[in-house]
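Please go through the structure below with attention to its surface, its enclosed space and its charged contacts. The report that follows takes these topics in turn.

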Amino acid sequence: MTPARTAAETPLMRQYLDVKARHPDCVIFFRVGDFYEMFFEDAVTVSRAIDLTLTSRDKGREEPTPMCGVPHHAARQYLAKLIAKGFKVAICDQVEDPKLAKGIVRREVTRIVTPGVILDDEQLEPKVGCYVCALHPGESAIGLAWLDVSTGEFAATELPAAALDDELARLAARELLLPHGALPELRQRSAVPVADAPPGDDGGAGDRALLEEALGAPFDELGLAAFPSSVAAAAACVRYARSTQPGATLPLSRIVPYRPADYLVLDETAQKNLEIFANLTDGQKSGSLLGLVDETRTAMGGRLLRRWIGAPLTDVAAIRRRHDAVGWLVERATLRGELRAQLDGVYDLERLTARAALGVAHPRD
């Protein structure tokens, strides 16, 4: 059901069609008064996906326009359902006061929510990262980068194709970015939504300049020279995240290069059968290794512990340094108790500051 442009279109529908043409891969949440409305194919698809009532505009016409909508104040719960089903949603808001508008109210896409770029607390698990992961095939290795826009956590590496599935299983990314036409087998078998990576210049000067600007440091200081295939992947993460937050500044300060060989490989089968993150009975955290050892007092600590358990160190010196730090606290029970009590009052500063930087913070934040 392709919306056709006709002389009978209203200014409102022309405005909607212009937005849809710029974001063809998204469901458009189009603000009209107190509702977010969806039209044409979006309305039909969304009504089926999350059980909304499908109605229509211009019922007297031979081909009325399908539509459905959700109340503005309840949009988050419907948005969460769509994201959970793998949809991308462009939020198109009214950006001027209807009382002051001359003609139709001006509307713009203020943000795009995707399975891997989520900022609302209601859709995020406090102690689980929300990663969008980009891949870029190089001459001898595949570059991989991952970004959590909700915290600014950003990392990159490169690895042989044979090790790719294990690393993706470890990361448990919510969304995968692939260059158009590349890695078709992975695109077909991926268990998470796949999107086309924004085009760059294959790790060339343009990609390097983008990373310098986003991270505020010369390229030579970013540590990516040893991972040339990862430069394009990292740049793709930045471009994609920026496309979802028009006009906002991403909360990025550094990128962490790493070597998968520095960590013990826990593939998907090992994670499942050893019940690392979820039990075999109902797939919940309770009863798993993480569920048993997670006594963290903050969401930030919970996410860090999850990363550590999912990537056990293999370097003996690094293991000893971590043991020394843990041992120091074990020997100081009083200090440890006081520290835990203080941490009880610490909110999720990583996600709070990210929402503030992106301009989507609420008064409670």
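Val346 sits in the loop that runs between α12 (333-343) and α13 (349-358), where helices (H or I, at least four residues) and strands (E, at least two) are DSSP runs numbered from the N terminus. The model is a predicted one, in which local features need pLDDT of at least 70 and side-chain atom pairs count only at pLDDT 80 or more, while totals for chains, interfaces and linings use all residues. Residues are numbered from 1 along each chain as its sequence is written, and side-chain values use heavy atoms, with hydrogens and water left out.

With a relative accessible area of 30%, Val346 is partly exposed (buried means under 20%, exposed over 50%, partly exposed in between, with a 1.4 Å probe and protein chains only). Together with Leu339, Leu343, Tyr347 and Leu349, Val346 forms a nonpolar patch on the surface, with about 450 Å² of accessible area in total; such a patch joins nonpolar side chains (Val, Leu, Ile, Met, Phe, Trp, Tyr) within 5 Å, from residues with over 30% relative accessible area and no salt bridge.

The second largest pocket holds about 850 Å³ of space, and α10 (299-310), α11 (316-330) and α12 are the elements that give two or more residues to its lining. Of its 22 lining residues, Thr296, Leu305, Trp308, Val326 and Leu329 lie nearest the centre. On a 1 Å grid over the protein atoms alone, a pocket is an open set of points with protein on both sides within 12 Å along at least five of seven lines, and lining residues have an atom within 4 Å of a point.

The structure holds 18 salt bridges, each defined by a side-chain nitrogen of Lys or Arg within 4 Å of a carboxyl oxygen of Asp or Glu. Three of them are listed here.

| Pair | Closest N to O distance |
|---|---|
| Lys127 and Asp294 | 3.4 Å |
| Asp165 and Arg189 | 2.7 Å |
| Arg332 and Glu331 | 3.6 Å |

Lys127 lies in the loop between β6 (107-113) and β7 (132-137) and Asp294 in the loop between α9 (289-293) and α10, so this pair ties together parts that are 167 residues apart in sequence. Lys127 is partly exposed at 24% relative accessibility, whereas Asp294 is buried at 11%, and a network of salt bridges links both residues with Lys285. In the pair of Arg332 and Glu331, Arg332 is partly exposed, with a relative accessible area of 31%, and Glu331 is exposed, with 64%.

Conventions. Patches are made of residues with over 30% relative accessible area and no salt bridge: like charges are joined within 9 Å, nonpolar side chains (Val, Leu, Ile, Met, Phe, Trp, Tyr) within 5 Å. Accessible areas come from the Shrake-Rupley method with a 1.4 Å probe; for residues, only the protein chains shown count as cover. On a 1 Å grid over the protein atoms alone, a cavity is a set of points where a 1.4 Å probe fits but cannot get out, and a pocket is an open set with protein on both sides within 12 Å along at least five of seven lines; lining residues have an atom within 4 Å of a point. Grid points are joined across faces, edges and corners, and a volume is the space filled by probe spheres set on the points.
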